[in-house]
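Welcome, and thank you for taking a look at this one with me. Please open the sequence and the model side by side before reading on.

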Number of protein chains: 2
Amino acid sequence: MAIHLGAISNQQPFVFEELERRGFVVHKVSQGRSWQDWARDLAPYAGEIRGLLSGGMTGLPKGLIDALPKLEICAINGVGLETTDLPAAKARGIVVTTTPVLFDDVADLAIALGMAACRRIAEADRYVRAGKWLQGRMPLGRSFWGKRYGILGLGRIGQALARRLEGFGGTIGYYDPQPKTGLSWRACASAVELARASDILFLCAAGSPGGGVIVGRDLLEALGPCGVFVNIARGWLVDEPALVELLATGGLGAAGLDVFADEPTVPERLLGLDNVVLTPHIASSTEECMRRMGECVLANLVTWFSEGRAVTPVAN
Amino acid sequence: MAIHLGAISNQQPFVFEELERRGFVVHKVSQGRSWQDWARDLAPYAGEIRGLLSGGMTGLPKGLIDALPKLEICAINGVGLETTDLPAAKARGIVVTTTPVLFDDVADLAIALGMAACRRIAEADRYVRAGKWLQGRMPLGRSFWGKRYGILGLGRIGQALARRLEGFGGTIGYYDPQPKTGLSWRACASAVELARASDILFLCAAGSPGGGVIVGRDLLEALGPCGVFVNIARGWLVDEPALVELLATGGLGAAGLDVFADEPTVPERLLGLDNVVLTPHIASSTEECMRRMGECVLANLVTWFSEGRAVTPVAN
């Protein structure tokens, strides 16, 4: 008897193809934007769906757990868990898996955005394409090397970032609420203290369910008019109105932003600023990484339904 | 009696201010584009000019040496020497100085352009600003980490680049016509062999006077449809028509280009391509680097005329 799966987020085409080749029936409802949409669209198959394909932003909300009584496994194509109700999943015995294979690509994007913000890469590209080079020189950027780098959240992404930064001749500080041992990088006592001691601050914190803003106005002001802020974590971890205002008024030097509080909507005011580099949540969007992530989603579902175990389950 | 200087390239304002504060008379003719222009514009002061401020692209051509019979020192704000006639300068006893303080910023830009090309940073920024994210996802980029990096020209910039690349978990190869010892990076027997063994190729060679193209069509084809080419050296070291054609037709994957054969003119066809990142020769254009370079120019001139020695003379 065919195993039925629901899919509430897009996946690489080969993932669906391979699942269908193996006889799974996949119900795709990724056009929805909330658990109510997904629950409604999956309702006709709710009695049969035993597995769910989700994404880092969609997760596994409580409402969807309740709407899918036969659900055994939720395979998330990403690592964010802030929209997943882990206690509710545990109570129901549902296994949740992520794709812990994206840290290097995300750390790369942090460097790329930090350098692009300092060296004005996107602005420079616009400058050349608009023919402005023929009229003169563009304004100077700032050095990336030899700076005081700050990493807010020293998990696997933060550590991959720190290893890359070691080649740039600066100093590396971090703040993480969980004490770290055996690391040579300088620990700061608070996020604001880290910002005060940093020229370039990278937000690499995991978004946790119900967690509030961790980059507030005070922290951005501590970073200051020459400071550069990079966000490859989550937009809602930042006081975005304060960020936009400080960038527009000179209170913060520059920013490289891959994530936004209400993405894909980006604050209108940011779109006109030259001191920001804006990317559409592409930290893991490389061919190589998407392939690896898709293979991980696939391996979790196939192994679960053939051997009764998941490959990369979340400890819940 | 005041010492007269000529300036044939732009300098940071503080350099001119400090020279004038110290009593130098500076004749600025940077609007010219050839040695004939500069010689003509400096002609009224040719009998008095003892020092010259030049740039990495303008250098010290033979015609200008002949036009300035009292010239003792030429302080170049840059490191390129391909437009400087060193033998003619030596024959006249003219000291030539450069600013060997820009290697780290140039190496940074090489990384920034390589990452921007792989991760489509400039394209992504255009995508967000144009509101396209609201309609869907942009095409995937490619990973930068874990690749086969190739460095063509392992001088001080190439070595600064290699040290940075060590944090990205790939392999580092190089080709340099001058044998290098004591380095852990893999030497290749030729430039084309290096290209064949590279995913991302960085051109870091010095432009030498009268030197021809070192990145020809064969080398770019060896790099191939998935290859990425980065040029932070000189545009005229590359067969630019072949580069443009291969980029436009899929023979080469992507490129990050800071220099062009006939800059500030950029080949029209490049301006419409999404697989290139174009910057207006800004490899050393940071506030910090420009300050350091200006201080170096200043130190050479001041020390020469007060102590009879230069600080960073070129060995000629």
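The numbered points below go from the whole assembly to single residues.

1. A word on conventions. This is a predicted model, in which local features need pLDDT of at least 70 and side-chain atom pairs count only at pLDDT 80 or more, while totals for chains, interfaces and linings use all residues. Residues are numbered from 1 along each chain as its sequence is written, and chains are lettered from A and ligands numbered from 1 in the order in which they are written.

2. How are the two chains related? A turn of 180° with a shift of 0.0 Å along the axis lays chain A on chain B with an RMSD of 0.1 Å (least-squares superposition on the C-alpha atoms of residues with pLDDT of at least 70 in both copies). That is the relation of a two-fold axis. If you want to find the axis by eye, look for A:Ala122: of the residues of chain A, its C-alpha comes closest to the rotation axis, at 2.3 Å.

3. The contact between the chains takes 46 residues from chain A and 46 residues from chain B, where a contact means that the C-beta atoms of two residues, placed from the backbone, lie within 7 Å. On the chain A side, the elements that give two or more residues are helices H5 (103-119), H6 (121-129), H7 (156-165) and H11 (287-307), together with strand E12 (276-278). These labels are DSSP runs numbered from the N terminus, with at least four residues for a helix (H or I) and at least two for a strand (E). H5(A) provides the largest share of that side, 9 residues.

4. What kinds of residue make up the side of chain A that touches chain B? They divide into 26 nonpolar, 8 polar and 12 charged. Here Ala, Val, Leu, Ile, Met, Phe, Trp, Tyr, Cys and Pro count as nonpolar, Asp, Glu, Lys and Arg as charged, and the others, Gly among them, as polar. The copies meet through the same surface, because 100% of the interface residues of chain A are also interface residues in chain B.

5. Within chain A, the domain assignment gives domain 1 (4-101 + 287-307) and domain 2 (103-278); such bounds come from an automatic or database assignment. The C-alpha centres of domain 1 and domain 2 of chain A lie 32 Å apart.

6. Now the sheet of 7 strands in chain A. It is open, with parallel pairing, in the order E8-E7-E6-E9-E10-E11-E12; two strands pair if DSSP finds at least two bridges between them. Its edge strands are E8 (186-187) and E12 of chain A, each pairing on one side only. Further in, 4 bridges join E10(A) (228-231) to E11(A) (254-257), and A:Val230 stands opposite A:Gly256 there.

7. Two of the interface helices also lie across this sheet. H5(A) crosses E9 (200-203), E10, E11 and E12 of chain A, at about 150° to E10(A). H7(A) lies across E6 (148-152), E7 (171-175) and E9 of chain A, at about 170° to E6(A). For these angles, axes are lines fitted to C-alpha atoms, for helices over the stretch in contact, and values run from 0 to 180 degrees between N-to-C directions.

8. Chain B is a good place to see an open sheet of 5 strands, parallel and in the order E2-E1-E3-E4-E5. E2(B) (25-28) and E5(B) (95-97) stand at the edges with a single partner strand each, so one side of each is left without a neighbour in the sheet. The twist averages 20° from one strand to the next. E4(B) (73-77) and E5(B) pair over 3 bridges, with B:Val96 as the bridge partner of B:Cys74. Helix H11(B) packs on this sheet, touching E1 (4-7), E3 (49-55), E4 and E5 of chain B, and its direction makes about 170° with that of E4(B).

9. Finally, some backbone details to check. Which peptide bonds are cis? One is from A:Glu263 to A:Pro264, with omega near 5°, and another is from B:Glu263 to B:Pro264, with omega near 10°. A:Pro264 is found in the loop between E11 and E12 of chain A.

10. Positive phi values also deserve a look. A:Arg120, in the loop between H5 and H6 of chain A, has a phi of about 60° although it is not a glycine. With 26 C-beta neighbours inside 10 Å, A:Arg120 counts as buried (20 or more other C-beta atoms, placed from the backbone, within 10 Å of its own; 12 or fewer would be exposed, and in between partly exposed). A:His281, in the loop between E12 and H11 of chain A, has a positive phi of about 50° and is buried, with 23 other C-beta atoms within 10 Å.
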